[in-house]
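Dear colleague,

I am passing on the structure we spoke about, and below it you will find an account of what turned up when it was searched. Please read the two side by side.

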Amino acid sequence: MKMPNYVNRILSVLRKKGFEAYAVGGAVRDTLLGKRPGDWDICTSAGTGEIAASFRKTVPTGVKYGTVTVIVSGGKCEVTTFRSDGAYSDKRKPDSVSFVTSLKEDLVRRDFTVNAMAMDENGGGIDLFGGREDLRNGLIRAVGEPERRFSEDALRMLRAVRFSAKLGFEIEPATLAAIRKLANNAAGLSAERVREETEKILLSPRPEKLSLLIELGLLSAYGVKNADFSRLKRLPKKPLLRWCAFAYLTGGGAELVKNLRLPNRTVSVCGKALSAAGSYCGRDRQVLAELGPEAAEAAGAVLTAAGIKNRIAAEVRKGGYCPPEELAINGDDLLKLGVTGREI
């Protein structure tokens, strides 16, 4: 396996100083899949002080958890001391961490086998939990006992669905069963964390996996209903458009995006777009043009994701639909006849 020169340089420096050092996590997974990773992470037997002393430019980004960002020519990496996590009383972050000297102790605390592989400076792979086999078989499998992994950190359950959507993998049966059993723990996660994972699924190549997120009960705290999300992939990968469509399809409305702590502007645009989509009856120019460009685009995305335009077009073809502007009688005519309110 190959890695960028700057990553190799960091590994080499630490090795020459007598420390173990490996690239770990998603970058190793993506390299094995033939993809170009974004960020590279490194774990090492060196302590944070020893890491900082080994390089000219570093940033103490998470010293409590053993992490120092190392900046070299060509890029930067988060370098973290081998560690073992303590108890997770809040079901999200460890109450404490212990720094260890074994790579295995560090890898065993990670979430899924495909994320628990390492690579040395020569490109040699280290796979202690069957990650390569799960990559070949297209499986998302928890490292060790699934219930323990998800009891430690409830966000991992949403991450399992996210990786399934990103990679096109299935969730391994025992891992899926553990998620079903512990799904209620997701209610204790912060809205920001839930939003972040949900948005990654929304923007993934397989947004239809949102159905699994809801079916498993991982969004039960937000009162959303399941729906057909297959048309979401027809939309541009713009968060605003996909959030508006998701809010419409699930029945959550603008209140959903508000509860998930999206920006106020998104909440406002979503409200306008959903209102327009709800009253849409084929009059694109009249209903949508009044919204302004941003909300009009969002309303159009909602109509596309919900298949509303297709249904109206089908009615037109059958002769069972007539645009309001083509009717022989309009609302003013009915008012003159004494018809009011809902009767109109």
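A salt bridge here is a side-chain nitrogen of Lys or Arg within 4 Å of a carboxyl oxygen of Asp or Glu. With that in mind, and bearing in mind that this is a predicted model, one pair to look at is Arg261 and Glu192, which form a salt bridge whose closest N and O atoms are 3.1 Å apart. This pair links distant parts of the chain, since Arg261 sits in the loop between α12 (253-259) and α13 (264-278) while Glu192 belongs to helix α9, 69 residues apart. Arg261 counts as partly exposed because its relative accessibility is 49%, and Glu192 also counts as partly exposed, at 32% relative accessibility. The backbone of Arg261 deserves a look as well, as its phi is near 65 degrees, a positive value in a residue other than glycine.

Helix α9 takes part in another salt bridge, in which Arg162 meets Glu197 with the closest N and O atoms 2.9 Å apart. Arg162 lies in helix α7 (residues 155-167) and Glu197 in helix α9 (residues 191-202), so this pair ties together parts that are 35 residues apart in sequence. Both Arg162 and Glu197 are buried. Arg162 also lies over the face of Phe163, at 4.7 Å from the ring centre.

The search of the whole structure finds 19 salt bridges. Among them is the one between Lys233 and Glu208, where the closest N and O atoms are 3.3 Å apart; here too distant parts of the chain are linked, with Lys233 in the loop between α10 (210-215) and α11 (239-250) and Glu208 in the loop between α9 and α10, 25 residues apart. Lys233 has a relative accessible area of 43% and is therefore partly exposed, and Glu208, at 28% relative accessibility, likewise counts as partly exposed.

Salt bridges also link Arg148, Arg149, Glu152 and Arg156 in a network. Within this network, Glu152 lies in helix α6 (residues 146-152) and, at 12% relative accessibility, counts as buried. The side chains of Glu152 and Arg156 are joined by a polar contact of 2.7 Å.

Turning to the aromatic rings, the structure holds five aromatic pairs. One of them is formed by Phe112 and Phe163, and this pair is edge-to-face, with 6.1 Å from centre to centre and 80 degrees between the planes. Phe112 is in the loop between α4 (103-107) and β8 (117-119), whereas Phe163 is in helix α7, so that the pair links distant parts of the chain, 51 residues apart. Both Phe112 and Phe163 are buried. In the pair of Phe229 and Phe246, the ring centres are 5.6 Å apart and the planes stand at 35 degrees, so this pair is tilted. Phe229 lies in the loop between α10 and α11 and Phe246 in helix α11, which means that the pair ties together parts that are 17 residues apart in sequence. Phe229 counts as buried because its relative accessibility is 1%, and Phe246 counts as buried at 1% relative accessibility.

Ring pairs also link Phe112, Phe150 and Phe163 into a cluster. Elsewhere, Arg15 lies over the face of Tyr22, at 4.8 Å from the ring centre.

Two further items concern secondary structure. Helix α13 has 15 residues, which at 1.5 Å a residue should span 21 Å, and this agrees with its end C-alpha atoms, which are 21 Å apart. The buried residues of α13 include Thr266, Val267, Val269, Cys270, Ala273 and Leu274. As a general point, an α-helix has 3.6 residues a turn, so residues three or four places apart point the same way.

Strand β3 (residues 57-62) and strand β4 (residues 67-72) run antiparallel and are joined by four bridges. Lys57 stands opposite Ile71 in β4, and in the hairpin of β3 and β4, where four residues come between the strands, Gly66 takes a positive phi near 85 degrees.

With best wishes

Note on methods. Residues are numbered from 1 along each chain as its sequence is written. This is a predicted model: local features need pLDDT of at least 70, side-chain atom pairs count only at pLDDT 80 or more; totals for chains, interfaces and linings use all residues. Side-chain values use heavy atoms; hydrogens and water are left out. Two strands pair if DSSP finds at least two bridges between them. Helices (H or I, at least four residues) and strands (E, at least two) are DSSP runs, numbered from the N terminus. Buried means under 20% relative accessible area, exposed over 50%, partly exposed in between (1.4 Å probe, protein chains only). The expected span of a helix is 1.5 Å times one less than its number of residues. A polar contact is a pair of N or O atoms within 3.5 Å; within protein, one must be able to donate a hydrogen and the other to accept it, and residues adjacent in sequence count only if both atoms are side-chain atoms. Rings of Phe, Tyr and Trp (its six-membered ring) pair if their centres lie within 6.5 Å; planes under 30 degrees apart count as stacked, over 60 as edge-to-face and the rest as tilted. A charge sits over a ring if NZ of Lys or CZ of Arg is within 6 Å of the ring centre and within 35 degrees of the ring normal.
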